[in-house]
Amino acid sequence: MGILAAFMVPHPPIIVPEVGKGEEKKIADTVRAYQEVGKRIGELEPETIVMISPHQVMYADYFHISPGEGASGDMGRFHAGNVKFRVKYDVQFVEKLCRLADINRLSAGTLGEREKALDHGTMVPLYFVDRYAGEYRLVRIGLSGLSFGKHYGLGQCIRKAAETLGRRTVVIGSGDLSHRLKEDGPYGYRAEGPAYDKRVMEVMGHAAFDGLFGFSGEFCEKAGECGHRSFLILAGALDGTEVKTEALSYEGPFGVGYGICSYLPIGENPQRNFLERYGEEERRRTAAQREMEDAYVRLARRTIEEYVRNGRIAEIPKGLPEEMYRTQAGVFVSIKEDGRLRGCIGTIRAVRASVAEEIVENAVSACSRDPRFSPVGEDELEHLSISVDVLGDMETIVSMAQLDVKRYGVVVTKGSKRGLLLPNLEGVDTVEEQVAIAKEKAGIGAGEEAGMERFEVVRHY
């Protein structure tokens with residue numbers, strides 16, 4: 001036994017009649033498709049259901065897997081407290097999954113539970129499952145801020161755990177699509193919203209899971225998606241497997257996209273090793289990128305690799321351009337993985353004797369001391385994109401009209417609070433967004449007055 005089937009489903013609370021009170025009729029296709037999912041799961045008689053939920057406990061650098069014997073929850077938050085759920089967890093499956101994640105150098109486990117009660121990303125699918133399924137045990141998994149590849153890799157561990165234990169297992173990837181489909185929707189409209197839904201339904205509707213890696217972090221953020229990483233874990237659970245795929249429904253009448261797809265394994269297919277193929281493509285891309293890197297980025301990369309592999313800070317090499325030895329300036333080193341920020345540390349003004357020294361110090365900090373991320377691991381080095389920004393002089397300004405989001409970075413200051421945002425960042429399209437993000441980084445309220453400075457940079461790739 002092993003993976004019997006997998007299902008991509010949304011989790012709108014309004015689909016539960018006690019919550020929707022008739023509004024669920026506006027997503028009748030989604031209701032019918034969900035009922036079909038429930039029936040299919042019931043017919044499969046799974047022993048274990050693996051539920052992947054974006055609303056489970058989430059950490060930036062760790063996959064949380066619910067611990068203990070079981071949990072309960074209700075829809076009281078949605079004014080339907082009489083709709084209750086109680087599940088038993090598959091403790092043995094959880095233990096096996098945690099061991100496999102550790103073997104595969106994935107940061108995952110049962111520590112750090114902040115909320116034991118079931119979340120609505122779990123309960124909405126169970127509302128339909130429990131109408132048809134018999135007794136089963138649940139494995140409940142949250143997402144993380146780790147790379148797309150690591151989410152897919154956790155799915156591979158789920159498959160291995162199911163096969164090793166001989167469990168009749170169903171995987172459910174719970175997640176809405178874009179939340180930005182309509183101006184009158186809960187999060188407004190952005191063009192990336194419907195574009196994301198169309199694209200992801202094409203990928204998931206044909207089980208072309210390699211396409212999931214091609215969505216940039218900035219695009220996903222602008223689209224306001226919810227379930228992309230749930231779908232990556234689901235895809236990983238079907239790695240190397242030929243599947244019969246059905247796109248059962250898609251709707252978005254409330255400004256949020258709801259898609260349902262079904263996947264039935266029908267045999268092995270070694271050609272569907274999407275993570276391995278993606279890794280090969282990334283290695284080729286990185287190798288080509290390295291050939292194009294200038295001396296500033298080569299120094300940052302060399303520093304990062306030396307520190308991650310050996311714990312040593314690289315010495316300043318000979319043969320750099322002369323200005324790197326004699327110029328002083330603030331420097332930011334930015335690291336990305338899978339198009340998503342992996343670390344960024346810098347200095348607003350020079351604190352060392354040369355730009356070269358500034359790069360070395362900030363490259364070490366970016367890969368190991370950025371409080372938003374865990375330290376970069378050796379297995380990530382070949383996937384990293386690196387840029388180095390050398391900052392120009394600061395110039396005090398009195399109005400946002402003096403800013404240009406493409407040309408100038410901004411520093412906002414209020415008392416001891418200070419926040420900086422670099423110019424020409426993907427996903428930051430307006431001065432208003434630029435200043436708002438800088439204020440948020442500084443801990444300055446959106447409506448608070450703050451002093452502003454602008455600066456130009458020379459960006460090295």
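A residue is called buried when its relative accessible area is under 20%. In the predicted model described here, Tyr62 has a relative accessibility of 13% and therefore counts as buried. Tyr59, by contrast, has a relative accessibility of 23% and counts as partly exposed, because the partly exposed class begins where the buried class ends and extends up to 50%.

Aromatic rings provide a starting point for the description of the fold. The model contains 10 aromatic pairs. In one of them, the ring centres of Tyr59 and Tyr62 are 5.8 Å apart and the ring planes meet at 70°, so the pair is edge-to-face; the cut-off for this class is an angle over 60 degrees. Tyr152 and Phe213 form a pair that is tilted, with 5.6 Å from centre to centre and 45° between the planes. This second pair links distant parts of the chain, since its members are 61 residues apart. Tyr152 belongs to helix α5, which covers residues 148-165, while Phe213 lies in the loop between α6 (192-205) and α7 (217-223). Both Tyr152 and Phe213 are buried. Elsewhere, Tyr34, Tyr127 and Phe128 are linked into a cluster by ring pairs.

Two arginine residues are placed against tyrosine rings. The charged end of Arg114 sits over the ring of Tyr59, at 4.6 Å from the ring centre. Tyr59 thus takes part in a ring pair with Tyr62 and also lies beneath the charged end of Arg114. In a corresponding arrangement, the charged end of Arg454 sits over the ring of Tyr408, 4.2 Å from the centre of that ring.

The surroundings of individual small residues were also examined. Gly73 is found in strand β4, which spans residues 70-75. With a relative accessible area of 11%, Gly73 is buried, as the value falls under the 20% limit. When neighbours within four places in sequence are left aside, Gly73 is in contact with Val83, Lys84, Phe85, Leu118 and Met123. The C-alpha atoms of Gly73 and Val87 are separated by 9.0 Å, and these two residues are 14 places apart along the chain. Ser230, located in helix α8, has a relative accessibility of 0% and is likewise buried. If residues up to four places away in sequence are not counted, Ser230 touches Ile52, Ser53, Pro54, Leu143, Gly173 and Ser174.

Helix α8, made up of residues 228-237, also packs beside α6: the two axes come within 12 Å and cross at roughly 10°. This makes α6 roughly parallel to α8, because angles under 35 degrees are placed in that class. In the contact between the two helices, Tyr196, Val200 and Met204 of α6 meet His228, Phe231 and Leu234 of α8.

Two open sheets were identified, each of them formed by 4 strands. In one sheet the strands follow the order β12-β11-β13-β18, and the pairing is antiparallel. Its edge strands are β12 (340-346) and β18 (457-460), each of which pairs on one side only. From one strand to the next, the twist averages 20°. Within this sheet, strand β11 (residues 331-337) and strand β13 (residues 384-391) run antiparallel and are joined by 7 bridges. Val331 has Val390 of β13 as its bridge partner. Helix α10, comprising residues 295-310, lies across β11, β13 and β18 and runs at about 125° to β13.

The other sheet has the strand order β14-β17-β15-β16, again with antiparallel pairing. At its edges stand β14 (395-397) and β16 (417-421); each has a single partner strand, so one side of each is left without a neighbour in the sheet. Neighbouring strands are turned against each other by 25° on average, with direction ignored. Strand β15 (residues 409-414) is joined to β16 by 5 bridges, and the two strands run antiparallel. Thr413 stands opposite Arg418, a residue of β16. Helix α13, formed by residues 431-442, lies across β15, β16 and β17 (451-455) and runs at about 140° to β16.

Technical notes. Residues are numbered from 1 along each chain as its sequence is written. This is a predicted model: local features need pLDDT of at least 70, side-chain atom pairs count only at pLDDT 80 or more; totals for chains, interfaces and linings use all residues. Side-chain values use heavy atoms; hydrogens and water are left out. Rings of Phe, Tyr and Trp (its six-membered ring) pair if their centres lie within 6.5 Å; planes under 30 degrees apart count as stacked, over 60 as edge-to-face and the rest as tilted. Buried means under 20% relative accessible area, exposed over 50%, partly exposed in between (1.4 Å probe, protein chains only). A charge sits over a ring if NZ of Lys or CZ of Arg is within 6 Å of the ring centre and within 35 degrees of the ring normal. Contact means heavy atoms within 4.5 Å. Two strands pair if DSSP finds at least two bridges between them. Axes are lines fitted to C-alpha atoms, for helices over the stretch in contact, and angles run from 0 to 180 degrees between N-to-C directions. Angles under 35 degrees count as roughly parallel, over 145 as roughly antiparallel, 65 to 115 as roughly perpendicular and the rest as oblique.
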